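Biologist: I'm new to this one, so could you walk me through it? I'd like to know what stands behind each label you use.

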Amino acid sequence: MRASTVVYKVTKRLMDIVGSCVALVIFSPVILYIVIAIKLEDHGPVLYKQTRVGKNGQEFELWKFRSMVQGADKIKGQLADQNEIEDGPMFKIKDDPRITKVGKFIRHHSLDEVPQFVNILKGDMSLVGPRPALPREVAEYDERDMERLQVIPGLTGLWQVSGRSKLTFAQMVDLDLTYINHRSIWFDIRIIFKTFLQMFDPKDSGAY
């Protein structure tokens with residue numbers, strides 16, 4: 001392994017640890033408000049756990065603030081014909097009826113992802129990288145799609161700041177592979193900065 005590669009990996013991991021710790025401190029008041037809001041809306045669980053696929057196909061448990069009604073996964077099959085991602089295995093609906101009022105707000109500002117800073121501290125994820133896919137999505141990947149699994153998945157990435165849900169699956173893969181082939185600490189910093197701006201001005205982010 002080249003020295004430059006080692007330096008990159010060590011620096012990236014340090015940035016993940018420091019960045020996640022700082023973020024959890026900064027977001028702590030917001031976390032409290034989100035927890036209260038979710039509980040007040042329907043008295044259900046605050047967190048949602050989901051199995052995702054990480055680097056080299058290794059599965060892990062990803063955490064989010066719950067943004068959908070309880071039992072949303074059971075309703076998903078009834079909405080299959082409304083999927084707005086025309087290609088690939090992903091599932092997205094802009095006005096998904098399963099999303100709660102609180103959920104719509106935290107999704108629009110990407111606040112539902114805040115618990116994933118814990119995933120980053122554990123090493124399952126990084127601040128920047130391809131978004132971790134669901135096992136059922138990976139089962140439908142072709143050889144090129146599988147290249148997304150070369151690196152640790154991220155909380156944010158190039159496709160999140162380049163259109164997000166407005167993009168096709170093929171465009172998402174293209175952007176992820178562009179990131180993988182050109183990844184650097186400086187590239188990560190640029191993506192993090194753009195993500196931060198979108199959180200406060202998300203009207204064109206494509207987040208839903």
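Modeller: Sure, and keep in mind that this is a predicted model. Let's begin with a small space: the second largest cavity has a volume of about 40 Å³.

Biologist: What makes that space a cavity, and how many cavities of 30 Å³ or more are there?

Modeller: A cavity is a place where a 1.4 Å probe fits but cannot get out. With the 30 Å³ limit, the count comes to 2 cavities.

Biologist: Which residues line the second largest cavity?

Modeller: Its lining is made of Ile38, Glu41, Asp42, Arg66, Met68, Thr100, Val102 and Gly103. Two or more of the lining residues come from each of α2 and α4, and α2 gives the largest share, 3 residues.

Biologist: Staying with α4, is Lys104 buried or exposed, and how do you know?

Modeller: Lys104 sits in helix α4. Its relative accessible area is 59%, and exposed means over 50%, so Lys104 is exposed. Its C-alpha atom is 6.9 Å from that of Ser67, though the two residues are 37 apart along the chain.

Biologist: Now the nonpolar core. Which members of the largest one touch the most other members?

Modeller: That core has 40 residues, and the ones touching the most other members are Phe27, Phe65, Leu111, Phe117, Leu158, Tyr179 and Ile191. The elements giving two or more residues are α1 (3–26), α2 (28–42), β2 (59–65), α4 (101–108), α5 (116–122), β3 (126–128), α7 (169–182) and α8 (185–200). Helix α7 provides the largest share, 7 residues. As a general point, nonpolar side chains in soluble globular proteins tend to be buried together.

Biologist: What is Leu111 in contact with, leaving aside its neighbours within four places in sequence?

Modeller: Leu111 is in contact with Phe27, Val30, Ile34, Phe65, Phe105, Ile106 and Met199.

Biologist: Phe27 turns up again there. Why is Phe27 called buried?

Modeller: Buried means under 20%, and Phe27 has a relative accessible area of 17%, so it is buried. Phe117 is at 8%, so it counts as buried too.

Biologist: How many aromatic pairs are there, and why is the one between Phe27 and Phe117 called stacked?

Modeller: The count comes to 3 aromatic pairs. The ring centres of Phe27 and Phe117 are 6.3 Å apart, and their planes are at 25 degrees. A pair needs centres within 6.5 Å, and planes under 30 degrees apart count as stacked, so this pair is stacked. It links distant parts of the chain: Phe27 is in the loop between α1 and α2, while Phe117 is in helix α5, 90 residues apart.

Biologist: Then why is the pair of Tyr179 and Phe187 called tilted?

Modeller: The centres of Tyr179 and Phe187 lie 5.7 Å apart with the planes at 45 degrees. Stacked is under 30 degrees and edge-to-face is over 60, so the pair is tilted. Both Tyr179 and Phe187 are buried.

Biologist: What makes β1 and β2 a pair of strands?

Modeller: At least two bridges are needed, and 7 join β1 (residues 47–53) to β2, so they pair. The two run antiparallel, and Lys49 stands opposite Trp63 in β2. They form a hairpin with 5 residues between them.

Biologist: What is noteworthy about the phi of Asn56?

Modeller: Asn56 has a positive phi of about 60 degrees although it is not a glycine. Most residues other than glycine have a negative phi. Asn56 is in the loop between β1 and β2 and, at 66% relative accessibility, counts as exposed. Ser110 also has a positive phi, near 60 degrees. Ser110 lies in the loop between α4 and α5 and counts as buried at 17%.

Biologist: And how do you know that Ser126 is buried?

Modeller: Ser126, in strand β3, has a relative accessible area of 1%, so with the limit at 20% it is buried. Among the residues it touches are Lys12, Asp16 and Ile152.

Biologist: Which residues are closest to the centre of the second largest pocket?

Modeller: That pocket has a volume of about 380 Å³. Of its 18 lining residues, Tyr8, Lys9, Lys12, Ile152 and Arg183 are the closest to its centre. Helix α1 supplies the largest share of the lining, 6 residues.

How values were computed
Residues numbered from 1 in each chain as written. Predicted model: local features only at pLDDT ≥ 70, side-chain atom pairs only at ≥ 80, totals over all residues. Heavy atoms only, no water. Core = buried A, V, L, I, M, F, W, Y, C linked by side-chain atoms within 4.5 Å. Buried < 20%, exposed > 50% of the residue type's maximum accessible area, 1.4 Å probe, protein only. Helix = DSSP H or I, 4+ residues; strand = E, 2+ residues; numbered from the N terminus. Contact = heavy atoms within 4.5 Å. Phe/Tyr/Trp six-rings, centres within 6.5 Å; stacked < 30°, edge-to-face > 60°. 1 Å grid on protein atoms, 1.4 Å probe; cavity = no way out; pocket = protein on both sides within 12 Å on 5 of 7 lines; lining within 4 Å. Points joined across faces, edges and corners; volume = space filled by probe spheres on them.
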